[in-house]
Amino acid sequence: MPLLQNYLKRRSKRCLYHIYRLIYVQRNWQRKRLTAKGISLLICLFISAAVGLDTNRTTAYQIFTFLLSIWIIAIAFSFFFSFRCQATRNLPRFATVGVKLKYTIIIQNKTGKIQTGLKLIENLADPRPSYREWLQTSEPNEGKRSKIDRAFGYYRWSWLIKRKLCAIPKPINLPPLPPNSKTEVTLEIEPSHRGIVRFSSFTIARGDPFDLFNACKTFSLPQSLLILPKLYPVPPIRLPGSRKYQTGSIALASSVGDSEEFRALRDYRPGDSLRKIHWKSWAKVGKPIVKEERDEFFVRHALILDNFQQEKYSQVLEEAISVAASFACEVQTKESLLDLMFVGTEAYSFTFGRGLSHTDKMLEILASVVPCQDKHFDSLTPVVMKRSQILSGCICVFVAWDESRNKLVNYLRKMNVPTLVLILVDDKDKLDLKPPADGLIRFQVLELGKIEEGLMQI
């Protein structure tokens, strides 16, 4: 009996999944084809059909016949729509969550007559989740919904669609398009989630004389846009760290600070790098002469992002990524290095600053961070320990607080690395935290819904 129940449950879930897929296709078709007037008239058509079933007692069937004839004319008109065009979409490299973005599309009318009454609709790549993703991904605060809502999973389906779309450009009415000429139009989006927006095509629609039904022509125009995490204003961060000696980092030091400063010439010794040879002196004295340079001392900070959680999505992790991105923009890297550390399929450490990479590259990496579900926080600790001796300071962005995270902070304290620890939580009152008495480690708890307020208290 339990086996039969499980089988029926699986079959009903899969049936629901395919129903939701069909509903999405139907709504997408309706968004392109039907106007607001068309939907109203279609409702009136069904009502008149239901009321006018008994032709002996009512004349509503006459209204049904009239409305049906209008609909047939409107649909027939769409078969005579012919339009040829070529388009170029001009997208910026990045967009940011919560910030409105305008971009342009240049449309070339390739017909010999002026085109009027057209509408442009952007089409994004299919956002429908897979069956496994729909089953395994929980909607934020899904536990607060009723058992019926959780069983049907439609709210979860709708949330997954919105999350994958990131940003949906609104349809716009095109100005008259002169024959065989180019016209530039502007569209606007406001991204709601980080990630990649994938444009697949665009549709040109024209309404019928009654403005009920749109004739559509779709043109392929694949392109993508990276959505960066939301950025918060943060106060200037001054960790009380000093310059540290950077072993073998001449190439990293560029020409800023104390690196590559000439001291003297000396005879070549086995093991010296060939690029340190002073060729003019060698030509004069007839033996290898090398340049002796001053050691490299400069500031190096670490930005540790805690992305360890069991769920595929959580608001806490999304906010943690936004906080990390905000600090990445704030920390000045012209005269220092910044190491971004987190764990994905393996432990990653990316270095930025002093001519190596720009902040945009770090934000691009943060926009693609995913939860680490199959590893423990301890897998990040060796990466930090390996660089602890060359760190001037550290910023830790944690999504929880436990013994393993406490061990890492204590290790940084023992290594005399000034550290700012930011802990993101759902409820501040549930966190059991006892900050140390010394001034080397600073703690700040950030509560969801009050992130900006908490950052300004640092």
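A polar contact is a pair of N or O atoms within 3.5 Å, and within protein one of them must be able to donate a hydrogen and the other to accept it. Keep that in mind for the second stop. The structure on your screen is a predicted model.

**Stop 1: the whole chain**

Colour the chain by secondary structure. You should find 13 helices and 17 strands. Of the 458 residues, 43% count as buried. The fold also brings distant parts of the sequence together: among contacts with a separation of 6 or more, 72% are between residues 24 or more positions apart.

**Stop 2: Arg194**

Now select Arg194, in the loop between strand 6 (182–189) and strand 7 (195–207). Is this arginine buried or exposed? Arg194 counts as buried, because its relative accessibility is 15% and the cut-off for buried is under 20%.

Show its side chain and look for backbone oxygens. A polar atom of the Arg194 side chain lies 2.7 Å from the backbone oxygen of Val369. The side chain also reaches the backbone oxygen of Ala367, at 2.9 Å. Both distances fit the polar contact limit you started with.

Next, bring up the surroundings. Beyond its neighbours within four places in sequence, Arg194 is in contact with residues including Val97, Cys166, Ile227, Glu318 and Leu366.

**Stop 3: an open sheet**

Follow the chain from Arg194 into strand 7. Strand 7 belongs to an open sheet of 5 strands, in the order 2-8-7-4-5 and with mixed pairing. Which strands stand at the edges? They are strand 2 and strand 5 (172–173); each has a single partner strand, so one side of each is left without a neighbour in the sheet.

Walk across the sheet from strand 2:

- Strand 2 (residues 94–96) pairs with strand 8 (residues 214–228) in the parallel sense, over 3 bridges. Pick Ala95 and you'll find its bridge partner, Ile227, in strand 8.
- Strand 8 and strand 7 run antiparallel and are joined by 12 bridges. Val197 stands opposite Leu225 here.
- Strand 7 is also joined to strand 4 (residues 118–124), by 7 bridges in the antiparallel sense. Try selecting Leu118, which stands opposite Arg206.

While you're here, a general tip: in a regular strand the side chains alternate between the two faces of the sheet.

**Stop 4: two positive phi values**

Strand 7 and strand 8 form a hairpin with 6 residues between them. Zoom in on that turn and select Asp211. Most residues other than glycine have a negative phi. Asp211, though, has a positive phi, near 60 degrees. Asp211 counts as partly exposed, because its relative accessibility is 34%.

Then jump to Asn180, in the loop between strand 5 and strand 6. Asn180 isn't a glycine either, yet it has a positive phi of about 50 degrees. At 56% relative accessibility, Asn180 counts as exposed.

**Stop 5: the nonpolar cores**

Select Ile107, Leu120, Leu174, Ile204 and Leu225. These are the residues with the most contacts inside the largest nonpolar core, which has 42 residues. Centre the view on Ile204. Leaving out neighbours within four places in sequence, its contacts include Phe81, Phe83, Ile107, Leu118, Leu120, Leu174 and Phe219. Another core, of 36 residues, lies apart from this one; Tyr232, Leu340, Val369 and Leu422 are among its members. You've already met Val369, whose backbone oxygen lies 2.7 Å from a polar atom of the Arg194 side chain.

**Stop 6: aromatic rings**

Show the rings of Phe, Tyr and Trp. The count comes to 18 aromatic pairs. Tyr131 and Trp134 form a tilted one, 6.3 Å centre to centre with 45 degrees between the planes. These two are separated by about one helical turn, because they sit 3 residues apart in helix 4 (residues 131–136). Both Tyr131 and Trp134 are buried.

For a contrasting pair, select Trp401 and Phe443: they are edge-to-face, with centres 5.5 Å apart and 90 degrees between the planes. Trp401 is in the loop between strand 15 (393–398) and helix 12 (403–414), whereas Phe443 is in strand 17 (residues 441–447), 42 residues apart.

Finally, go back to Tyr131 and Trp134. Ring pairs link them with Tyr17, Tyr20, Tyr154 and Trp157 into a cluster. Two arginines complete the view: Arg14 lies over the face of Tyr131, at 3.9 Å from the ring centre, and Arg156 lies over the face of Trp134, at 6.0 Å.

Key. Residues are numbered from 1 along each chain as its sequence is written. This is a predicted model: local features need pLDDT of at least 70, side-chain atom pairs count only at pLDDT 80 or more; totals for chains, interfaces and linings use all residues. Side-chain values use heavy atoms; hydrogens and water are left out. A nonpolar core is a set of buried Ala, Val, Leu, Ile, Met, Phe, Trp, Tyr and Cys residues joined through side-chain atoms within 4.5 Å. Buried means under 20% relative accessible area, exposed over 50%, partly exposed in between (1.4 Å probe, protein chains only). Contact means heavy atoms within 4.5 Å. Helices (H or I, at least four residues) and strands (E, at least two) are DSSP runs, numbered from the N terminus. Two strands pair if DSSP finds at least two bridges between them. Rings of Phe, Tyr and Trp (its six-membered ring) pair if their centres lie within 6.5 Å; planes under 30 degrees apart count as stacked, over 60 as edge-to-face and the rest as tilted. A charge sits over a ring if NZ of Lys or CZ of Arg is within 6 Å of the ring centre and within 35 degrees of the ring normal.
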